[in-house]
Each structure stands twice: as structure tokens, then as C-alpha cells.
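Colleague: I am new to reading structures and would like a close look at a single part of this one. Please choose the part, explain each term once, and then say what lies around it.

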Amino acid sequence: MAEIKSLTDMQDLVALAKRRGLVFQSSEIYGGINACWDYGPLGVEMKNNVKQLWWRAMVDRDDIEGIDAAILMHPRVWEASGHVAGFSDPLVDCKKCKQRFREDKIHDENRVAKKCPNCGGELTEPRMFNLMFKTFMGPVEEDAAVVYLRPETAQGIYVNFQNVAATSRQKIPFGIAQIGKAFRNEITPGNFIFRTREFEQMEMQFFVKPGTDEKWFEYWMEERRKWHLSNGLRANKIRFHEHGPGELAHYAKKAFDIEYEFPFGWQEFEGIHNRTDFDLGRHQEYSGKKQEYYDESDKSRYIPYIVETSAGCDRTLLTLLADAYRSEEDRVFLALHPKLAPYKAAVFPLMKKPELMEPAERIYKDLAKKFRVTLDETGSIGKRYYRQDEIGTPFCITIDFDTVEKNAGVTVRHRDTKEQERIEVSRVVQYLDDQFANW
Ligand code: ATP
């Protein structure tokens with residue numbers, strides 16, 4: 001059997017994403033804008049699949065509620081959260097080649113020597129650079145009108161804790177989940193959609209009684225690991241990295257990154273944090289509104305601890321794409337789990353002739369009642385397979401003359417093995433259902 005290779009060069013994935021309509025550079029006809037990307041027809045399908053799977057796993061449970069908070073928030077929120085004072089990265093410039101780096105991301109050897117990783121030139125002293133995007137609310141551009149584009153979705157959850165607790169009838173322990181855009185004026189964006197200036201987060205904040213936080217932290221680490229594996233990520237390509245004392249954020253008692261082994265190294269794509277009572281405590285202090293919880297079970301009153309799971313939607317998508325990328329001698333394919341694939345199946349009439357088109361359309365419509373499918377009648381069958389392989393369509397169904405003349409069923413071709421089998425026309429829907437159920 002021919003050798004099947006995994007992704008080794010991100011450019012291969014970027015090129016595939018572009019030629020198949022997954023992801024485009026933002027404002028491309030104007031030369032593009034750095035670190036902003038647009039999702040094309042198939043990219044948005046796949047991204048929606050990621051979001052739906054996350055929502056189903058996190059919110060379709062008795063102990064979590066969803067919300068959708070505004071991107072613009074009262075500016076005091078970002079003082080309370082610590083972002084105005086502390087959400088900054090140390091920025092250094094190379095005096096020679098003028099490249100800009102995040103000091104904390106420069107390879108250790110270079111940092112000690114204070115050398116530019118690009119040209120070996122001398123670096124400037126670090127300057128702290130706030131990552132929040134600022135804008136003005138209302139018609140007057142003055143300091144009093146400054147608002148920020150949220151750099152994380154979590155704060156929208158904290159400030160609604162009392163609202164949700166009062167209206168949802170949830171009792172601690174319970175969580176609040178949200179998916180939404182976040183913005184960071186990153187110093188060194190890059191690696192395609194890995195680090196961008198506008199991105200989406202999928203965050204869940206779980207409110208617990210102090211003293212039970214460590215147990216819940218363990219619980220959520222395991223849940224999140226299971227979720228990523230259930231999406232088909234290869235277990236040997238993910239690992240948990242615990243933050244050491246120097247890495248821990250000011251609010252965190254314990255933190256783990258879930259990392260994936262990209263072609264550019266092991267990188268975080270989700271964080272799990274024990275944030276203690278820092279967030280609600282600060283909002284109580286800055287807003288003057290009590291953020292305590294009255295626990296009926298033992299008549300106690302406390303500010304809840306928070307265990308957070310914080311995933312980037314775009315970064316999760318990138319992880320899934322990078323993990324699924326395979327190349328063989330004669331083709332590239334995405335070995336995506338069917339629940340993530342933009343199309344679950346493609347229907348091909350062997351030729352564009354009415355006697356084949358008519359049954360093909362019938363089968364297509366039948367399948368479309370249940371699955372997201374595509375009908376493709378252009379080009380050779382080989383080319384059509386190639387196209388579907390590259391976007392990760394798990395099955396291709398071909399209608400040929402035997403289907404019509406001999407009632408001999410259709411050919412179903414499997415993406416990963418290229419194996420083909422004949423299935424009766426009346427069994428096609430059931431066949432796919434069974435395949436997906438047992439994937
Ligand atoms: P990093 O150290 O990579 O900048 P972080 O530790 O600041 O990330 P968090 O604030 O914990 O990241 O954000 C949670 C998740 O949000 C990350 O795991 C990542 O998936 C996503 N995320 C954060 N920043 C970006 C970005 N600029 N582009 C895309 N996704 C991002």
C-alpha cells in the first residue's frame with residue numbers, strides 16, 4: 001500500500017483551504033489585511049459544525065446554560081478584569097531588520113543573548129503593549145467615550161452570573177457557556193488562522209462552591225479531553241501542559257493548556273483554568289453589586305469559584321484540519337470525522353445524461369432530507385473524487401448505467417480507503433446512517 005503522510009508544511013493546508021473555498025484572506029482584492037481571514041462556503045459549514053458540536057456537548061446538559069453577550073461592554077469591566085492594567089505583552093523590535101517580536105515567545109537562547117531570532121541583530125528594551133482594540137462609542141471621539149472590543153468572551157458571562165442564577169433556577173454547581181467573537185491586537189499573529197486579531201472563542205465558566213474547585217477542575221480536564229478525541233483528533237498528537245509558577249495568570253490557581261503538535265511545534269488550542277473567586281470578587285468590588293451566592297443546601301453564602309474551559313473556535317478548526325490532512329502519491333484527502341465534514345456524501349451521475357441525471361437527483365434529494373450532501377456532475381469521476389477527498393467528504397455515490405439498466409444499485413466509494421462497494425438504491429440512506437453511527 002502506498003505511504004500516507006500527515007501534514008508537515010502549513011502552506012499545503014493554506015493552499016488547500018484557499019483552492020477549496022474553506023478560508024480566504026480578508027479583503028484579498030485590496031492586498032489583504034494582516035491576520036484577518038474569511039471563511040468561505042465550506043469553511044463556514046465546518047466551523048458551524050465545530051460550534052454546534054461544542055454547544056451540544058456543553059449546553060445540552062442539565063447543569064449548563066448558554067448566553068450571547070454583547071461584544072461592547074462597559075469600560076469598567078476591563079478595569080475590573082485586569083485587562084486595562086495588565087493585558088499586555090512585552091514587545092521588542094530588532095534594530096537591524098525592524099521585525100517585531102513578543103519577548104516571551106522568543107526562543108530562550110535568543111532571549112538570554114538578546115538577539116533577533118530573524119537576523120541576529122540587537123533588540124530594543126521591551127515595551128508593554130496593550131492588546132485591546134479601542135474604539136469610541138457615540139459621535140464624539142474623546143477619552144470618556146472609549147470602549148473596547150472584548151478580548152475574551154468570559155467577562156460577558158461573569159457580569160451576567162446573577163442574572164442567569166436568578167432566572168434559570170440553576171443551583172451551584174452550574175455553568176454558563178458562550179460562543180462569540182473576541183479581538184486582540186496581537187503583536188505577532190500568524191500561522192494562518194492559529195493567531196489572528198479577530199477570532200471566535202467557545203468558553204464555559206463553571207461556578208462551584210470553594211473547596212470543590214479542584215475536583216471540578218479534574219472533571220473538566222477529562223471532559224474536554226474526551227470531546228477532542230470524539231472529534232477524531234489523534235490521541236498521540238494532543239497533550240496537557242500544566243502552567244508552572246512563572247506562567248500562571250494573575251487570577252489562576254491552576255491552569256492547563258491542551259496542546260496539539262502542529263508542524264510548527266506543540267501549541268495551545270484550549271485552556272482550562274481554576275480562576276478562584278477572582279473574577280466575581282473583582283466585579284463585586286468595581287460595580288459595588290454583591291456577587292455572592294446563597295447556597296440553600298447548607299445555608300452558606302460565598303463568592304463562587306470558577307473553573308473555565310476556554311477554546312478558540314478557529315484554532316480548534318485549524319487543529320482538526322491539520323490533524324485530518326493526509327497526502328498520498330496521487331491525492332490529498334482530509335480524514336475528517338463525518339460529523340465535521342462539510343458534506344457527508346457526494347452524488348455523481350457517471351455522465352451528464354438525462355437517464356443518469358434523473359435517478360441521481362432522486363437519490364440526492366432523498367439523502368438531502370437527512371444529510372448535507374452535494375450533487376456533482378462535472379468532469380471525470382477521478383476529478384470528482386479528488387475534489388471531494390480534498391474537502392473530506394466521507395462517501396461518494398456513483399450512479400452508472402448498471403444502476404438504471406440492470407437495477408444493480410449504486411457504487412459507494414470510501415474516502416479513506418478508496419474501496420468501493422455496490423449498494424441497493426433503496427438502502428443508501430440506511431447505509432450512510434449505519435456508517436456514521438459506527439464511525
Ligand atoms: P496565547 O498564549 O497563544 O496568546 P492565551 O493563553 O492568551 O493564548 P487564552 O487567553 O487562554 O489564550 O485564550 C483561550 C483560547 O482562545 C486559546 O487557547 C486559543 O484557542 C484562543 N485564542 C486566543 N488568542 C487567539 C488568537 N489571537 N487567535 C486565535 N485564537 C486565539
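Modeller: What follows is a walk through one sheet, strand by strand, and then a look at its surroundings.

The model is predicted, so local features are used only at pLDDT of at least 70 and side-chain atom pairs only at pLDDT 80 or more, while totals for chains, interfaces and linings use all residues. Residues are numbered from 1 along each chain as its sequence is written, and side-chain values use heavy atoms, with hydrogens and water left out.

The protein has 14 helices and 24 strands. These are DSSP runs, numbered from the N terminus: helices are H or I with at least four residues, and strands are E with at least two. Two strands pair if DSSP finds at least two bridges between them. In general, strands of a sheet pair through backbone hydrogen bonds, either parallel or antiparallel.

The sheet to look at is open and has seven strands, in the order 4-10-11-17-14-13-12, with mixed pairing. At its edges stand strand 4 (64–66) and strand 12 (238–242), each of which pairs on one side only. Direction ignored, neighbouring strands of this sheet are turned by 25 degrees against each other on average. Axes here are lines fitted to C-alpha atoms (for helices, over the stretch in contact), and angles run from 0 to 180 degrees between N-to-C directions.

Start at the edge formed by strand 4. Strand 4 runs parallel to strand 10, and three bridges join the two. Along this pair, glutamate 65 is opposite isoleucine 176 of strand 10. The next pair is strand 10 with strand 11, which is antiparallel and has ten bridges. There, glycine 180 stands opposite glutamine 201 of strand 11. Strand 10 is largely enclosed by the rest of the structure, because nine of its ten residues are buried. Buried means under 20% relative accessible area, exposed means over 50%, and partly exposed lies in between (1.4 Å probe, protein chains only).

Further along the order comes strand 17 (residues 305–312), joined to strand 14 (residues 265–276) by six bridges, with the two running antiparallel. Isoleucine 272 has threonine 309 in strand 17 as its bridge partner.

Two helices can now be added to this picture. Helix 7 (residues 161–168) lies across strand 4, strand 10 (174–183) and strand 11 (198–208), and runs at about 135 degrees to strand 10. Helix 9 (residues 278–287) has as its buried residues Phe278, Asp279, Leu280, His283 and Gln284. These residues pack against helix 7 and against strand 11, strand 14 and strand 17, as well as helix 3 (75–80) and helix 6 (154–158). Contact means heavy atoms within 4.5 Å. Just after helix 9, glycine 288 takes a positive phi of about 75 degrees.

Another sheet may serve for comparison. It is open and has three strands in the order 6-5-7, with antiparallel pairing. Strand 6 (100–102) and strand 7 (127–130) are at its edges with a single partner strand each, so one side of each has no neighbour in the sheet. Its twist averages 45 degrees from one strand to the next. Strand 5 (residues 88–93) pairs with strand 6 over three bridges, and the bridge partner of valine 92 in strand 6 is phenylalanine 101.

Strand 18 gives one more example of pairing. Strand 18 and strand 19 form a hairpin with two residues between them, and four antiparallel bridges join strand 18 to strand 19 (residues 331–334). Within the hairpin, glutamate 328 is opposite arginine 331. Strand 18 is also joined to strand 1 (residues 5–6), by two antiparallel bridges, and lysine 5 has serine 327 as its bridge partner. Both faces of strand 18 (residues 325–328) are covered, with Tyr325 and Ser327 buried on one side and Arg326 and Glu328 buried on the other.

Last, the whole protein. Of its 439 residues, 51% count as buried. Among contacts with a separation of 6 or more, 66% come from residues 24 or more positions apart. The C-alpha atoms fill a box of roughly 80 × 65 × 50 Å, taken along the principal axes.
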